[in-house]
Amino acid sequence: MFNYPSNPTGVTLKYEDMASIVDVLKDTGIYIISDEIYSENVYEHKHRSFMEFQSIRSQLFVINGLSKSHAITGARVGYILSTSHLIEEVTTVHLYNSICVATPSQYGAISALKNGDEDIKKMNQSYLKRRDYIYDRIKKMNLSVTKPEGTFYIFPNISQYNKDSFKFCTQLLESEQLAVVPGKSFSEFGEGHIRMSFACTMEEIENACDRLERFLENYGNK
């Protein structure tokens, strides 16, 4: 299972790395699930998909939807791409869980896919400005962080203040009324980090950064 661009880090997978993975997995009988829900939310680089590799098509499921690309999370429109044979198997299971997406959501999705390309570009331009701002602010706070290449999340390391990310987030919420997600929510490998979202207004991001900075400056006194 792969999730690139990745939540919570915003990291993308380079084509060369994908090719190496494909070389290992092809003809093994191992099925690959690639969650590419943030495929439209990329910045400096073009999104590369496992769908580009013909040699693993018979082993591949690509998951996507319109929640992130067209900002219609509430419509609950998603889809799976695979070979016709595998889709038949998926459909057999799916029919016992859900009939279909709500009709208004389907019409909305059709319109978004046909007419929404320019909206995606506008959103990404805004995301890029917000990403650069929050990244620069976090670096100035002397927190270790990787610049996201996709998604609208950033994942700074706060372990120098508290290795328990849940306690850190609780203290931050109580002290500054700023809600972020503890890294341990994303497994033991995320511990010592926090996830922040920049899918909000620039004013809200500036305010959030001010609160986080103030919290860190006073952390030893808490």
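**A walk from the cavity to the ring pairs**

Let's start with a hollow: the largest cavity is lined by Tyr4, Leu13, Met18, Ser34, Glu36, His47, Arg48, Ser49 and Phe50. Keep in mind as you look that this is a predicted model. Sorted by character, the lining residues come out as four nonpolar, three polar and two charged. The volume of this largest cavity is about 40 Å³. And how many cavities of 30 Å³ or more turn up when the whole structure is searched? Just one.

Now move along the chain to a sheet. Three strands make up an open sheet here, in the order β5-β7-β6, and their pairing is antiparallel. The edges belong to β5 (153-154) and β6 (181-182), each of which pairs on one side only. Look at how β5 meets β7 (residues 194-197): the two run antiparallel and are joined by two bridges. Across that pairing, Ile154 stands opposite Met196 in β7.

Next come the aromatic rings, which form 13 pairs in this model. Take Phe155 and Phe186 to begin with. Their ring centres are 6.0 Å apart and their planes meet at 85 degrees; an angle over 60 counts as edge-to-face, so that is what this pair is. The two residues come from distant parts of the chain, 31 residues apart: Phe155 is in the loop between β5 and α5 (165-176), while Phe186 is in the loop between β6 and β7. Are these two buried or partly exposed? Phe155 has a relative accessible area of 11%, and because the cut-off for buried is under 20%, it counts as buried. Phe186, with 26%, is partly exposed.

A second pair to find is Phe168 with Phe215. Here the ring centres lie 5.3 Å apart with the planes at 85 degrees, so this pair is edge-to-face too. It also links distant parts of the chain, this time two helices: Phe168 is in α5 and Phe215 in α6 (residues 202-217), 47 residues apart. Phe168 is buried, at 0% relative accessibility, and Phe215 is buried as well, again at 0%.

Rings can also gather into groups. Which residues do ring pairs link into a cluster? They are Tyr38, Tyr127, Phe152, Tyr153 and Phe198. Stay with Tyr153 for a last stop: the charged end of Arg195 sits over its ring, 3.9 Å from the ring's centre. That brings you back to the sheet, since Tyr153 falls in the edge strand β5 (153-154) and Arg195 in β7 (residues 194-197).

Terms used: Residues are numbered from 1 along each chain as its sequence is written. This is a predicted model: local features need pLDDT of at least 70, side-chain atom pairs count only at pLDDT 80 or more; totals for chains, interfaces and linings use all residues. Side-chain values use heavy atoms; hydrogens and water are left out. On a 1 Å grid over the protein atoms alone, a cavity is a set of points where a 1.4 Å probe fits but cannot get out, and a pocket is an open set with protein on both sides within 12 Å along at least five of seven lines; lining residues have an atom within 4 Å of a point. Grid points are joined across faces, edges and corners, and a volume is the space filled by probe spheres set on the points. Ala, Val, Leu, Ile, Met, Phe, Trp, Tyr, Cys and Pro count as nonpolar, Asp, Glu, Lys and Arg as charged, and the others, Gly among them, as polar. Two strands pair if DSSP finds at least two bridges between them. Helices (H or I, at least four residues) and strands (E, at least two) are DSSP runs, numbered from the N terminus. Rings of Phe, Tyr and Trp (its six-membered ring) pair if their centres lie within 6.5 Å; planes under 30 degrees apart count as stacked, over 60 as edge-to-face and the rest as tilted. Buried means under 20% relative accessible area, exposed over 50%, partly exposed in between (1.4 Å probe, protein chains only). A charge sits over a ring if NZ of Lys or CZ of Arg is within 6 Å of the ring centre and within 35 degrees of the ring normal.
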